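Colleague: Could you walk me through this one, a helix and a sheet at a time? I'd enjoy hearing how the pieces fit.

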Amino acid sequence: MKKIFRALLLFLGCGLFLILAGFLALGMYYRNNFPVNTWINGVYCTGKTVEEVNRELAAQTQLPVLTLQEADGSSWQVDLQDLDAAADYTGLLRDYLRQHASFFWLANLNRPAIVELEPACFVWNEEKLESWFMGLSFVQEEKNRPAGVNVSCEDGEYCLYDGNTDRLAPDRAFLYLKECLSKGQTAVSLEEGGCYGDLEDSAADRSQRELWSQVEAFLDCGIVYDMGAEQIALTPEITGTFLAVDEAGKLQLDQEGHITVSQEKVADWVENLALQYDTCGTTKEFQSTRGDLVSVKYVTYGTQLDQEAETNYLMEALAKEGKRDQVHVPAYLQQGYVRGLDDIGGTYIEVDMTEQHLYYYVDGELQLDTDIVTGNLSTRHGTPQGINFVYNKQRDRILRGPDYASPVKYWMPVKGSIGIHDADWRSKFGGTIYKTNGSHGCINIPPKVMPDIYEMTEIGTPVIMFY
């Protein structure tokens, strides 16, 4: 009986030993191989090594797009597949084994282990990645971008070329790109990676920066020309043309190293301003009340800038340091009733000698109109055409000529001895009276209308006279 019992104990001991040995063997086995009933990202991993599972996971992973962003916000993209890249789960898989291998595999017998992992990093073809990065246009531009600082003029506008600041370091940027990929990061900001920096200024660079400070202060002068209806600000594009340069286009400096202003260029600008606004002696296309456009020459009326005075003003104003902040009304040799490109404006007297009618407009609105009688054509005393102005107003004047003396109550001369006045010796106005029984050149107005015209009209009011 004892022999049987000992045999049974021996048998049980051997069985228990075999079980323990098998358990230990499986535990050792699952240290390097995934435990039973393990699923990762849908891949059955039982008994497989890290390398085997990594290959299967990488094969089924959809590779993302690599996005590289510059400091200015521009971005560049490339499909990682084009770089022979692959997802790498090796580190994550090894971590999983360390936590769930050995004796923990028994838990999988009752319930399968289902795990979802995101790739922690990527592997890639080094040559293809470098070729793609170094071939990007902004990397090439950076390599070809000259260093140094220089004040230059491009398309007539002065600017400071600064080749020392915000420089991209291509080698540092490429290393940072690889560092991000090795961490599984596919959205890469070069600015966040500290891939930009400044170069140290040389003595020549510092001199150019000081010169630019002068130019910048000069360009932003703050002067505004008040032309009446229009305001012309002296922008950097305008003031930049005033700077004196040598034949090579470099700024001319005085003995103290200060920029200089070209009086000739200032005078040229003033001359061009006058060409825009001067009307004296020019011809205007005037929209008549009767409906057509008539060409009328400026005679006594008009605008003429004082170019010499304006050139001197600008030379003095631009010589002052700092921002001027001044609104300047230019000097005139002759100034119209209103200032601006349209120096007639909306208040004027229109004398239509073909229709024998006068119109008085105020701010563009017709306030008065009347029949008139102008110069006698048959005696060659026709009223001359032209744009003139009321240069005086008188009451109770006697108009004299070689063969006449006509007393009038209201007199408004517009050109020499030709003016607008009442004519109480006439009983009719308008029609064709002027052809055979017209005036000596003046514009005759009905006596009952003339007081209103006289009262409304200011000295300087334009008078447009035409047939």
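**A sheet and a helix**

Modeller: Asp 352 has Phe 466 of strand 28 as its bridge partner. This is a predicted model, where local features need pLDDT of at least 70, side-chain atom pairs count only at pLDDT 80 or more, and totals for chains, interfaces and linings use all residues. Residues are numbered from 1 along each chain as its sequence is written, and side-chain values use heavy atoms, with hydrogens and water left out.

Colleague: How do strand 20 and strand 28 run, parallel or antiparallel?

Modeller: Strands are DSSP runs (E, at least two residues), numbered from the N terminus, while helices are runs of H or I with at least four residues. Strand 20 (residues 348-352) and strand 28 (residues 462-466) are joined by four bridges, and their direction is parallel.

Colleague: Which are the edge strands of the open sheet?

Modeller: Two strands pair if DSSP finds at least two bridges between them. The sheet's five strands come in the order 22-21-20-28-23, with mixed pairing. Those that pair on one side only are strand 22 (365-371) and strand 23 (386-389).

Colleague: Why do the buried residues of helix 9 line one face?

Modeller: Buried means under 20% relative accessible area, exposed over 50% and partly exposed in between, with a 1.4 Å probe and protein chains only. Val 266, Trp 269, Val 270, Leu 273, Ala 274 and Tyr 277 are buried in helix 9. Seen down the axis of helix 9, the directions to their C-beta atoms share one face because they fall within an arc of 145 degrees.

Colleague: Which exposed residues sit on the face of helix 9 turned away from its buried side?

Modeller: Happily, that face is easy to list. Turned away from the buried side of helix 9, the exposed residues are Glu 264 and Leu 275.
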